[in-house]
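Visitor: Hey, can you walk me through this one?
Guide: Sure, here it is.

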Amino acid sequence: RTTYDIVIGSTQNGMVKTSLKTAHQGRQITVTVTPNEGYALGSLVVTDYYNNELELTETAEGQYTFRMPGAHVTVTATFQRVGGEESLLPFTDVQSADWFYEAVQFVYEEGLMNGIETDVFGPDVTTTRGMIVSILYRLDGEPATDLSRFADVRADAYYAAAVGWAYANGIVTGLDEITFAPEAAITREQLAAILYRYAVYKGRDTSAGADVDLSMYTDYEAVSEYAVPAIRWVVGSGLCNGKGNGILDPQGSATRAEVAAMLQRYLESNQESSEE
């Protein structure tokens, strides 16, 4: 008898298990959902190969059954935080109680950052160098530009025009003359440097922080020489105050939540300056 696959879609904040991984038509399948602590099941949908939604029957708390059709099926679940205000964003991993909620809402509504999936923002996912220049390129209106000169930036890559634009305007320099490393995770000091150069490119005042004493941070010696002015600027401008406990973590990777927060602070501070 022909059997069909049962695929579990990407989930956040909970677990989904099925009684079988493959089954023949007509077989009853049990789906068990287990939310993480502080979360509850938001939705559970089973669709077949033709995107038809199958009927689910709740048989016990956290358990549901369906009959296997004559096609592969996909089980998709979302989990929502309980005990707090419901998020108005489409992302199941961003809730109103999260410290980065307003920043994610800001960059999402401004069209600067989307999710890594339709309903997943990925706040703790590291941001790549290609992503950063793409965000700033969108912010600048995506002007016409020559393609990148770097050997590791393909002409058909989503970030190709952005890297070419950023290089032409002195916003990025690359790791060397032919290497940009677009897929590499961006460090916190690289993010500061790129945002600093973007501010210079836009004619913004970057004098804030010129007198900041970075020795207040226990790991200030880990800041690369090229990034010192940029780090002083982001600290002096209030765009970044470190990670707490006197730590800058300049060589650590910047998460998508951290990028969203810095972009929001940068854009809102410049808007306030222009209104004065």
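Guide: One term up front: buried means under 20% relative accessible area, exposed over 50%, and partly exposed in between, with a 1.4 Å probe and protein chains only. By that rule Glu 258 counts as buried, at 16% relative accessibility. This is a predicted model, where local features need pLDDT of at least 70 and side-chain atom pairs count only at pLDDT 80 or more, while totals for chains, interfaces and linings use all residues. Residues are numbered from 1 along each chain as its sequence is written, and side-chain values use heavy atoms, with hydrogens and water left out.

Visitor: OK, what does Glu 258 form a salt bridge with?
Guide: Arg 188, with the closest N and O atoms 3.3 Å apart. A salt bridge here is a side-chain nitrogen of Lys or Arg within 4 Å of a carboxyl oxygen of Asp or Glu.

Visitor: And Arg 188, buried or exposed?
Guide: Arg 188 counts as buried, at 11% relative accessibility.

Visitor: Where do the two sit?
Guide: Glu 258 is in helix α6 (residues 256-275) and Arg 188 in helix α4, so the pair ties together parts that are 70 residues apart in sequence. Helices (H or I, at least four residues) and strands (E, at least two) are DSSP runs, numbered from the N terminus.

Visitor: How many salt bridges does a search of the whole structure find?
Guide: Three. Another one joins Asp 140 and Lys 202, whose closest N and O atoms are 2.8 Å apart. Asp 140 lies in the loop between α2 (129-139) and α3 (160-168), and Lys 202 in the loop between α4 (188-201) and α5 (228-236), so this pair links parts 62 residues apart in sequence. Asp 140 counts as buried at 15% relative accessibility, while Lys 202 is partly exposed at 36%.

Visitor: What about Asp 156 and Arg 154?
Guide: Their side chains meet in a salt bridge too, at 3.0 Å from N to O. Both Asp 156 and Arg 154 are exposed.

Visitor: Switching to pockets. What volume does the largest one have?
Guide: About 240 Å³. A pocket is an open set of points on a 1 Å grid over the protein atoms alone, where a 1.4 Å probe fits, with protein on both sides within 12 Å along at least five of seven lines; lining residues have an atom within 4 Å of a point. Grid points are joined across faces, edges and corners, and the volume is the space filled by probe spheres set on the points.

Visitor: Which residues are closest to its centre?
Guide: Of the 19 lining residues, those are Arg 188, Cys 240, Gly 242, Glu 258 and Met 262. So the salt-bridge partners Glu 258 and Arg 188, from helices α6 and α4, turn up here as well. The elements giving two or more residues to this lining are α4, α5 and α6.

Visitor: What gives the most to the second largest pocket's lining?
Guide: α2, with four residues. That pocket holds about 180 Å³ of space, and its lining includes Met 131, Tyr 158 and Arg 256.

Visitor: Last topic: what order do the strands of the sheet have?
Guide: It's an open sheet of four strands, ordered β2-β4-β7-β6, with antiparallel pairing. The edge strands are β2 (14-18) and β6 (57-60). Two strands pair if DSSP finds at least two bridges between them; β2 and β4 (residues 28-35) have five, and Met 15 has Thr 34 in β4 as its bridge partner.
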